[in-house]
Amino acid sequence: MRLVLFYLILIVAQGFFAALLAPIPAPDFFLLAVLTLLWRIQPWQLVLVAYGVGLLQDVIGSGVLGTHAFALAAAALAGSMVRAQLSNAGVLERMLVVFVASMGKWVVMAGVVFWLSGSVGRWGAVGGVALVESVLTVAAGLLVLPWGSALLERSRVLQKELL
């Protein structure tokens, strides 16, 4: 029950911070929700979960269906590649994983935006949004990831021994 409440709080926080920081992009709590599972499930499972969370984000946010799904799946893959090289022991490792995952998301998102718009005219704006959102996501990840990790440790859900 606590995990369900945790993920609902992240969804509400996404909407709250998006409205609160209106001209500035809000941290991506959907990405952080996916990254809480990074040390719990296999990378191919994480990519599938990320794709599903991205579809949920597209449906809730009335976006182009599949845009965030594809970007979050790429972020999960990038985060998994970095996680394979690091442990989950310190703050710097978590910051690096969140930053690389966020950059992976934005590389794919920029490609999708270019593909959908057909022009390269606004690359500076995409880069600015990506940088600000990535920094805020890393800062929010310093609070969210340990909280999610503690909740997952307390519950019997998604234990490596059971998967």
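Author: Before we start, accessible areas here come from the Shrake-Rupley method with a 1.4 Å probe. This is also a predicted model.

Reader: Thanks! So how much area does the protein chain expose, and what share do carbon and sulfur atoms supply?

Author: The protein chain exposes about 8,900 Å², and 74% of that is supplied by carbon and sulfur atoms.

Reader: And the fold, how many helices and strands are there?

Author: The protein chain has 6 helices and 0 strands. Following the sequence, the pattern reads α-α-α-α-α-α. With a radius of gyration of 15 Å, close to the 15 Å from the globule rule for 163 residues, the protein chain is as compact as a globular protein of that length.

Reader: What does the C-alpha trace span along its principal axes?

Author: About 50 × 30 × 30 Å.

Reader: What percentage of the residues is buried?

Author: Buried residues account for 42% of the 163 in the protein chain.

Reader: Okay, contacts next. Of those between residues at least 6 apart in sequence, what share joins residues at least 24 apart?

Author: That share is 66% in the protein chain.

Reader: Switching to charges, how far apart are the mean positions of the positive and negative ones?

Author: They are 5 Å apart, taking the 9 positive and 6 negative charges of the protein chain.

Reader: I like aromatics. How many aromatic pairs turn up in the whole structure?

Author: A search of the whole structure gives 4 aromatic pairs. One of them is Phe-6 with Trp-147: the ring centres are 4.8 Å apart and the planes stand at 85°, so this pair is edge-to-face.

Reader: Why is that edge-to-face?

Author: Because planes over 60 degrees apart count as edge-to-face, and the planes of Phe-6 and Trp-147 are at 85°.

Reader: Which helices do Phe-6 and Trp-147 lie in?

Author: Phe-6 belongs to helix H1 (residues 2-20) and Trp-147 to helix H6 (residues 123-154), so the pair ties together parts 141 residues apart in sequence.

Reader: Phe-6, buried or exposed?

Author: Phe-6 is buried, at a relative accessible area of 1%. Trp-147, on the other hand, is partly exposed at 39% relative accessibility.

Reader: Which residues form an aromatic cluster with Phe-6?

Author: Tyr-7 and Trp-147 join Phe-6 in one aromatic cluster.

Reader: And how are the rings of Phe-16 and Phe-17 arranged?

Author: Their centres are 5.5 Å apart with the planes at 75°, so Phe-16 and Phe-17 are edge-to-face. Phe-17 counts as partly exposed, at 29% relative accessibility.

Reader: New topic: where is Gln-57, and what does Gln-57 touch?

Author: Gln-57 sits in helix H3 (residues 43-61). Leaving out residues up to four places away in sequence, Gln-57 touches Asp-28, Phe-30, His-68 and Leu-72. Gln-57 counts as buried, since its relative accessibility is 11% and the cut-off for buried is under 20%.

Reader: Nice. What about Ser-102, where is that found?

Author: Ser-102 is in helix H5 (residues 91-117) and is buried, with a relative accessible area of 1%. Not counting residues up to four places away in sequence, Ser-102 touches Leu-31 and Ser-134.

Reader: Last one, which residues does Ala-130 touch?

Author: Met-103 and Trp-106, again not counting residues up to four places away in sequence. Ala-130 lies in helix H6 and counts as buried at 8% relative accessibility.

Reader: And how far is the C-alpha atom of Ala-130 from that of Ser-62?

Author: Those C-alpha atoms are separated by 20 Å, with Ala-130 and Ser-62 being 68 residues apart along the chain.

Technical notes: Residues are numbered from 1 along each chain as its sequence is written. This is a predicted model: local features need pLDDT of at least 70, side-chain atom pairs count only at pLDDT 80 or more; totals for chains, interfaces and linings use all residues. Side-chain values use heavy atoms; hydrogens and water are left out. Helices (H or I, at least four residues) and strands (E, at least two) are DSSP runs, numbered from the N terminus. The radius of gyration is taken over C-alpha atoms; the globule rule is 2.2 Å times the number of residues to the power 0.38. Buried means under 20% relative accessible area, exposed over 50%, partly exposed in between (1.4 Å probe, protein chains only). Contact means heavy atoms within 4.5 Å. Lys and Arg count as positive and Asp and Glu as negative; His and the chain ends are not counted. The place of a charge is taken as NZ of Lys, CZ of Arg, CG of Asp or CD of Glu. Rings of Phe, Tyr and Trp (its six-membered ring) pair if their centres lie within 6.5 Å; planes under 30 degrees apart count as stacked, over 60 as edge-to-face and the rest as tilted.
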